[in-house]
Amino acid sequence: MSARLLMFERAIGFAPSGEYWRHLRRMAANNMFSPRRIASLERLRSRVADDMMDRVCKEMEETGMVVLRGVLQKGSLDSIVGSVFGRSLGEVEGKELVEMVKEGYELIGKFNLEDYFSLGGLLDFHGVGRRCKDLALRVKALMANIIKERRTLGDFSKQDDFLSLLLALPKEESISDSDIIAVLWEMIFRGTDVVAILLEWIMARVVLHPKIQAKAQQELDTFVGDRSVQDSDMSKLRYLQATVKEVLRLHPPGPLLSWARLAIRDVHVDKFFIPAGTTAMVNMWAITHDGSIWKDPWAFRPERFLEEDLSILGSDLRLSPFGSGRRVCPGRVLGLTTVHLWLARLLQQYDWTAAQPVQLSEYLRLSLEMKKPLVCRAVLRDRVVK
Ligand code: HEM
C-alpha cells in the first residue's frame, strides 16, 4: 500500500530532491492554511453547507431517506475544488476529476508483487504500474490546462484560492509548474474523501446515541439560537467539539497514519532498537483503543474530553488522528474547521434517526471507511434557522 502511494506520487511528478515536500510544508505553514486564509474560505464552506441541506431535503422528499455518503462526498469535493481553484469546475472537468480521484483510491488499494520485488514491471501482472502512469498523465493534463487558463486571466494577487497563492509567489520563491500540480493534486487527493468519511462516522454515532445528539443540539440552541451557525461560534460549542474528538478516537480515518515510515538511520525508540532500513508503521487505532491509556476505551463518551481537554493536532500522542511531527497532516485545521461547521449545520437544521440498521463495521482503503453506507431519516427541527 505505502509503496503504491509512493509509486503513484512519483508518477505524478514529485521532485526527487524533496523540493516538493519543502514547498508543501512552507505553503502549509505560511500561507495556505493560515487562520486568515481558512477564515476567508468560510463563505465557500457555508455555501456548500447550504447545498448539502438542500440535497438532504430533496432526498427526503423523493425517497423518505438520505444516503449521507453521497451528499457528504459531493460537498467535500465542491469545497476542496473551490479552495484549490477558486471556482467550481465545468461539467466535463468536474467529472474527470471525480473519476481521477476514484481511480487513485482504487489503485492505492491494489496488491502488486512489483511493490516488493522490483523487476522493471515484469511482476506487474495486472498493469497497476501502467495505470498509475496513465493516471498521472491525466492529472497533469487537467491541472496544466487550469494553470494555463489562470495565467491568461492574470492578477491572482487578490484571490484566496491555493492556485492563485502559488502563482502569486514572488520570483525568488516561485515553484515549477510540476511542483504546483503535485501540491494541488495532493490537496485534492488527500483532503476530499477524508472529510466526508469522518462526517459519516460522526453522523452514525449521532444517530446511534440520541441523547448525545440532543445535547449537541441543545448547546447549539443555547449559544447560537435561530441564526445560522458560523466558524466564530465554534469556541463556545465545546460538547460538539468533544463529540468530534470522540469519533476521531474510536474511528480514526487514518488508523495507520501515512501507512509506513522508513528508518533512514539506526535509532532507539524507547526500549526498542530500530535498524536503518526498517519499515515501521504507527498504529494509531491501537493506541486510541488501548485500555491502559483510555478508561472504557470502547464506550462512546464525548464527556471524557470535557473532563480532560486534550489537543488532537499532534502534540499529544494518546490521540493524534492527524499524525504528528514533520509529516503531520498540513490540512488538519482546515479539515477540522470544515467538519465542525458542517456537523453543526446538520444538527441545527434536522433531527436524525436511522432509516436502516446502523453498522459500525470498518473497511480499510487509503482511509478507514464505514463498510455499509449510513442511511438516515432527517426531520426538519421546529426552530427556524435564518
Ligand atoms: C479532517 C479530516 C482529516 C484527517 C482525519 C486527516 C488525517 C491525515 C493523516 C492521519 C495524515 C498522515 C499523517 C502522518 O503520516 O503522520 C494526513 C496527511 C495529509 N493530509 Fe490530512 N487529514 C484530514 C484532512 C485533510 C485536508 C482537508 C487536507 C488538504 C486540504 C489534507 C491534506 C493532507 C496531506 C497533503 C497529507 C500528506 C502530508 C505528508 O505526507 O507529509 N488532509 N492527513
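In this predicted model, α15 contributes the most to the shell around the ligand, supplying five residues. Helix α15 spans residues 332-349. Two other helices, α9 (177-191) and α10 (193-208), are among those that each supply at least two residues of this shell. The ligand is surrounded by 24 residues. Of these, G191, G254, G323, G331 and G335 come nearest. By class, the shell holds 14 nonpolar, six polar and four charged residues.

C329 lies in the loop between α14 (304-307) and α15. An unreviewed UniProt entry annotates C329 as "binding site". The residue is buried, because 24 C-beta neighbours fall inside 10 Å of C329 and the cut-off for burial is 20 or more. Leaving aside residues up to four places away in sequence, C329 touches F322 and G323. G323 also belongs to the residues that come nearest the ligand.

An open sheet is built from three strands, ordered β1-β9-β6, with antiparallel pairing. The edges are taken by β1 (66-67) and β6 (350-354). Each edge strand has a single partner, so one side of each is left without a neighbour in the sheet. β1 is joined to β9 (residues 375-380) by two bridges. Within β9, V375 is the bridge partner of V67. Helix α10 packs on this sheet and touches both β6 and β9. The direction of α10 makes about 85 degrees with that of β6. α10 thus appears in both settings: α10 supplies at least two residues to the ligand shell, and α10 packs on the sheet.

Methods: Residues are numbered from 1 along each chain as its sequence is written. This is a predicted model: local features need pLDDT of at least 70, side-chain atom pairs count only at pLDDT 80 or more; totals for chains, interfaces and linings use all residues. A residue is near a molecule or strand if its C-beta atom, placed from the backbone, lies within 6 Å of it. Helices (H or I, at least four residues) and strands (E, at least two) are DSSP runs, numbered from the N terminus. Ala, Val, Leu, Ile, Met, Phe, Trp, Tyr, Cys and Pro count as nonpolar, Asp, Glu, Lys and Arg as charged, and the others, Gly among them, as polar. Two strands pair if DSSP finds at least two bridges between them. Two residues are in contact if their C-beta atoms, placed from the backbone, lie within 7 Å. Axes are lines fitted to C-alpha atoms, for helices over the stretch in contact, and angles run from 0 to 180 degrees between N-to-C directions. UniProt positions are given in the numbering used here, feature names are shortened, and annotations may be inferred rather than shown by experiment. A residue is buried if 20 or more other C-beta atoms lie within 10 Å of its own, exposed if 12 or fewer, and partly exposed in between; C-beta atoms are placed from the backbone.
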